[in-house]
Amino acid sequence: MKKFLFVIAAMAMFTQSAKALDNEPEEGLTFMGLFGMNVTNLQNHPYGTKAGAMLGGRVDYVLPKAHGTYLTAGVDWTMKGGKGEFDDVIELDDMDYDATGKYSLHYFEVPIRVGFRYNLGDELGFYGEFGPYFAVGFAGKHRLNIDEDGSFFSGIEDMYEFKAFKNKTDLDRPTFQRWDAGLGFRIGAEYNQHYNLMLGCDWGLTDIYRNNFRDEWKDAPEHANEKLSKVHNFNFSITVGYRF
């Protein structure tokens, strides 16, 4: 009886292996367009999470005789940054007013990854990939929004609006360097060899504070006994794609 069960299990495993080989992805190049939503965070920074968007494209190359292993690279426009809520920021006429600070950072990003794909059949496939990314910030700003209207409040908001990547040292206006790099992974599912749904995470490994900002912080008497933490980009994404 045990031998019979063993033979049945071996036959089932062989059948599944044969099906997997029949459903292996075709070798060669494919292209994919992507659009999605980011939930980003400036790690070790007072600001919290912020939602953004991304738009990009990928080139996937399924390696020959590699049983679903592929290489992928692309170019994305992606929004990152952070947002913070502040209570009682402004006091005027015995009234306290709240405010919201926001960094909106725009990057061109190049992910380069190695992945593996497994097809359950002709219609449905699953894949995962991992690798580095390299990015350059091309636009970004900081904006303070006070929960009140009026020219007085607008003037204060304008004082705290500045370019996020500007090469200028000002402890009241912390700016970031443009270059970033890190590691990321993505898992996804594809239907009908065209329609994709993906989840991904990117961990920045670069301290995006400028060196001259760190020097000015260290030299300021009010920060003599404080340590300025390294700030990194973190990004979680939900993306839809279409493979051509």
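## Buried salt bridges and two asparagines with positive phi

Glu190 and Arg117 are both buried in this structure, which is a predicted model. The two residues also belong to a wider arrangement: salt bridges with shared partners link Asp60, Arg117, Glu190 and Arg243 into one network. Within this network, Glu190 and Arg117 pair directly, and their closest N and O atoms are 2.9 Å apart. Glu190 sits in strand S7 and Arg117 in strand S4, so their contact ties together parts that are 73 residues apart in sequence.

General chemistry offers a helpful backdrop here: side chains of opposite charge can pair when their charged atoms come close. For the model as a whole, the count of salt bridges comes to 11. One of the pairs in the model is formed by Arg113 and Glu129, whose side chains meet with an N to O distance of 3.8 Å; this pair is counted because the cut-off for a salt bridge is 4 Å. Arg113 is part of strand S4 (residues 95-119) and Glu129 is part of strand S5 (residues 124-146), so this bridge ties together parts that are 16 residues apart in sequence. Arg113 and Glu129 are also buried, which means that each has a relative accessible area under 20%.

A further pair joins Arg214 to Asp207, with 2.7 Å between the closest N and O atoms. Here, too, both partners, Arg214 and Asp207, are buried.

Attention now turns to the backbone and to two asparagines. Asn44 is not a glycine, yet its phi is positive, at about 65°. This residue lies in the loop that runs between strand S1 (28-43) and strand S2 (50-62). With a relative accessible area of 54%, Asn44 is exposed, because the exposed class takes in values over 50%.

Asn192 is another residue other than glycine with a positive phi, in this case near 60°. Its place is in the loop between strand S7 (179-191) and strand S8 (195-204). The relative accessibility of Asn192 is 31%, so the residue counts as partly exposed. Strand S7, which comes before this loop, is also the strand that holds Glu190, the buried partner of Arg117.

Terms used. Residues are numbered from 1 along each chain as its sequence is written. This is a predicted model: local features need pLDDT of at least 70, side-chain atom pairs count only at pLDDT 80 or more; totals for chains, interfaces and linings use all residues. Side-chain values use heavy atoms; hydrogens and water are left out. Helices (H or I, at least four residues) and strands (E, at least two) are DSSP runs, numbered from the N terminus. Buried means under 20% relative accessible area, exposed over 50%, partly exposed in between (1.4 Å probe, protein chains only).
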